[in-house]
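Trainee: Could you take me through one part of this model slowly, the charged pairs around a single arginine, and then show me how that part sits in the rest of the chain?

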Amino acid sequence: NGFHGLCDPVELAALRPLFSKALIGNANYTADTANARIKEGNADAISFGRPFFANPDLPRRFLHGLELAALPEPTAWFHPSEKTRADPHWGYTDFPEAGMGA
């Protein structure tokens, strides 16, 4: 149902034969699935957006196999709310690193 549930998902393997430049995947990847797409040759890189909100040390967590913190509610990073209007930085810098209360 695609990322937003509006269409069929687009697989990197389907795009690779159509696009010869650098191909960067995004959305719902884990460290393992990201590595797999790169090793398969279906992606040149994988970007991580939302997981960084709750995991400011995401590369370290991936490297050491540490558990990821759950994503915050969308009001912390996507849907405007009274709290985000009052403090636009809220939700972007409020999450601890692993081993520091995470």
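Mentor: Happy to. Let's begin with the term we need: a salt bridge here is a side-chain nitrogen of Lys or Arg within 4 Å of a carboxyl oxygen of Asp or Glu. Keep in mind as we go that this is a predicted model.

Now look at Arg-60. Its salt bridge with Glu-97 has the closest N and O atoms 3.8 Å apart, and that pair counts because the cut-off is 4 Å. The two partners come from distant parts of the chain: Arg-60 belongs to helix 4 (residues 58–64), while Glu-97 lies in the segment after helix 5 (82–86), with their positions 37 residues apart in the numbering. Salt bridges with shared partners then tie Asp-57, Arg-60, Arg-61 and Glu-97 together as one network.

Arg-60 also forms a salt bridge with Asp-57, and there the closest N and O atoms are 3.1 Å apart. How buried or exposed are the residues in these two pairs? Arg-60 is partly exposed, at 35% relative accessible area. Glu-97 is partly exposed too, with a relative accessibility of 35%. Asp-57, in contrast, is buried at 6%, because buried means under 20% relative accessible area. In general, side chains of opposite charge can pair when their charged atoms come close.

The structure holds five salt bridges, so let me show you another one, in helix 2. Glu-40 and Arg-37 join their side chains in a salt bridge of 2.9 Å, N to O. Both residues sit in helix 2 (residues 31–40), three residues apart, which is about one turn of the helix. Glu-40 is partly exposed, with 44% relative accessible area, and Arg-37 is also partly exposed, at 24%.

For a contrast with the charged pairs, turn to the nonpolar side chains on the surface. Val-10, Leu-15, Leu-18 and Phe-19 make up a nonpolar patch there, with about 400 Å² of accessible area together. One of them, Leu-18, is placed in the loop between helix 1 (12–15) and strand 1 (24–26). Leu-18 is exposed, with a relative accessibility of 71%.

In the segment before helix 1 you will find His-4, which is exposed at 61% relative accessibility. His-4 and His-79 are 75 residues apart along the chain, and 15 Å separates their C-alpha atoms.

Finally, let's step back to the whole chain. It has five helices and two strands, and from the N terminus the elements follow the order α-β-α-β-α-α-α. The radius of gyration is 16 Å, well over the 13 Å that the globule rule gives for 102 residues, so the chain is more spread out than a compact globule. Along the principal axes, the C-alpha trace spans about 45 × 35 × 25 Å. Of the 102 residues, 24% count as buried, and Asp-57 from our network is a buried residue. If you take the contacts between residues at least 6 apart in sequence, 32% of them join residues at least 24 apart. The accessible surface of the chain comes to about 7400 Å², and 58% of that belongs to carbon and sulfur atoms.

Notes
Residues numbered from 1 in each chain as written. Predicted model: local features only at pLDDT ≥ 70, side-chain atom pairs only at ≥ 80, totals over all residues. Heavy atoms only, no water. Helix = DSSP H or I, 4+ residues; strand = E, 2+ residues; numbered from the N terminus. Buried < 20%, exposed > 50% of the residue type's maximum accessible area, 1.4 Å probe, protein only. Patch = residues over 30% accessible without salt bridge, like charges linked within 9 Å, V, L, I, M, F, W, Y side chains within 5 Å. Areas by Shrake-Rupley, 256 points an atom, 1.4 Å probe, with all protein chains shown as cover. Rg over C-alpha atoms; globule rule 2.2 N^0.38 Å. Contact = heavy atoms within 4.5 Å.
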